[in-house]
Amino acid sequence: MPAALVHPNQDRSKQEIVYAALRDAILNGVLRVGAQVPSTRAMATRWAVSRGTLEVVYERLCAEGYLTRRQGAGTFVSAELPDSYLQVQPGLPMMTPSVAMQPRHHESHVKVGQPFVARLPDPALFPLQDWARHVLRCINKAGEIAAESNQVTGFLPLKQQIAQYLREHRNIVCEPHQVIITTGIRHALALISRAFLRPGDNIAMEDPGYPFGRDIFALAEAKLIDIAITEQGIDVEALSKAQQVRALYVTPSHQSPLGCVMSITKRLAVIDWAQQQGVLIIEDDYDSEFSYSGSPLPALMSHDNSAQTLYCGSFNKTLSAELRVGFLVARGAQLARLNEVVAIHGRAVAFHEQLALAEFMRSGAFARHLRTARQAYAQRRNRLLEILTQHANGKFRVSGHEAGLHLVLWLPADRDESAFCQQAAEHGLQLQPLSLFCRSITLPPAVILGYAALTLAQIEVSARSLATLLVSPASHA
């Protein structure tokens, strides 16, 4: 029996443990080529796991070429192992990434079903069968639409649907040709950096703010100017004191990570300042689709008549984190410059995927999904807050809970963020301290709670554990 089954690790399922154990046994020669493998019934009894788990593992190993099933005879180790076709030839040099190439922010920390870093859309809510039908139709029509697929800035039907969606839901009046299809927010920021930023340019950013955004602008050798966040959004007074700013990056709909919404007054003040100073505004419309206390405010771009604002949006948080489709809206000279850059980089998203998404939106399936997801996420948020209030009232406060997929849990002043997160980890809770998102500013102790990709059952258990930690005596790092 694998040791990992005797001492379970929460990071790995039984299915993964069994798969790894059998695959390693084959590769290490414990199960030799041509050897018969025990039946799933025998292995299930021996390793104390369900037979269904063994069946899934055996099917996976057969699909990958490690095992072969013979009708009436049993299951055997394949004569030709798939790894022999995948391994690099001996003697070829191996490249080791330098320290500078290593990412500093690990996306694996944000995962489905892990309390409380589940700041992702719930894949169980994604209408997969409906989506598959749209994709299949588009593949069957591939020959008919191939002539239009050479548009490097995006496939026209999808750009039309996005432009219509933005007019109806974000109050942005734009034409399809002003929409550029990207793989997501980071791709959009990379294109903007390449098009408009030069080494040494000053770019103002929210603090705390989006870590990957900082890294992308740093790669362009821009100088980051940290601007603090107030309860109603970015500190406009501090912003007005910044000198020689080339661009401003903001998340006005649900500030990342604090979750506050930039007020109309501040939006107009930011636009006025940008027009006077000739500053480019980069609007990341983060989490605007999920508002729980009323209609979301119109996008900042909808108030800007000077073409100073670049608007970035994505389907990665609304539909699926694996979809990797986003969009960028620009006007005037900014659009012309971006088109030049995109023409060099080439199309980023496959045309059949773009067409499927266009049909998905046109059919009304996208709007239906948003309604379903919003209701589910609001229910999960409400239950999380109910349990915390019931079991730890007075030991915390929250903010940023009126929209989005996460909220901020502010700890008592005597709690240490790192020590609290360490305690939570010992109870199976993965918390992100707010300080990870800060660069220059120091804020009171707080953690980020993602709840969208958790089931109600997971919230019931993990919220009670979190409440127990909140009422327990403070420990210090």
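The exercises below work through the fold, two groups of strands and the cysteines of one predicted model.

Residues are numbered from 1 along each chain as its sequence is written, and side-chain values use heavy atoms, with hydrogens and water left out. Because the model is predicted, local features need pLDDT of at least 70 and side-chain atom pairs count only at pLDDT 80 or more, while totals for chains, interfaces and linings use all residues.

**Exercise 1.** Find how the radius of gyration of the chain stands against that of a compact globule.

Solution. The radius is taken over C-alpha atoms, and the globule rule is 2.2 Å times the number of residues to the power 0.38. For 477 residues a compact globule would have a radius near 23 Å. The chain has 25 Å, which agrees. Its C-alpha trace spans about 80 × 65 × 50 Å along the principal axes.

**Exercise 2.** State what share of the residues is buried, and what share of the contacts joins residues at least 24 apart.

Solution. Buried means under 20% relative accessible area, exposed over 50%, and partly exposed in between (1.4 Å probe, protein chains only). Of the 477 residues in the chain, 51% are buried. A contact means heavy atoms within 4.5 Å. Among contacts between residues at least 6 apart in sequence, 72% join residues at least 24 apart.

**Exercise 3.** Describe the surroundings of strand β15.

Solution. Strands (E, at least two residues) and helices (H or I, at least four) are DSSP runs numbered from the N terminus; the chain has 15 strands and 16 helices. Two strands pair if DSSP finds at least two bridges between them. Strand β15 covers residues 446-450. β13 (residues 406-410) runs antiparallel to β15, with five bridges, and L409 stands opposite V447. β14 (residues 432-433) also pairs with β15 in the antiparallel sense, over two bridges; here Q432 has I448 as its bridge partner.

Next, take the faces. In a regular strand the side chains alternate between the two faces of the sheet. In β15, A446, I448 and G450 lie on one side, V447 and L449 on the other, and all are buried.

**Exercise 4.** Give the strand order of the open three-stranded sheet and name its edges.

Solution. The order is β1-β3-β2, with antiparallel pairing. β1 (36-37) and β2 (67-70) are the edge strands, each pairing on one side only. Four bridges join β2 to β3 (residues 74-77), with L67 opposite V77.

**Exercise 5.** Decide how many disulfides the structure holds.

Solution. A disulfide is a pair of cysteine sulfur atoms within 2.5 Å. The search of the whole structure finds zero. For C260, the nearest cysteine sulfur, that of C438, is 13 Å away. C260 is buried at 13% relative accessible area, whereas C62 is partly exposed at 21%.
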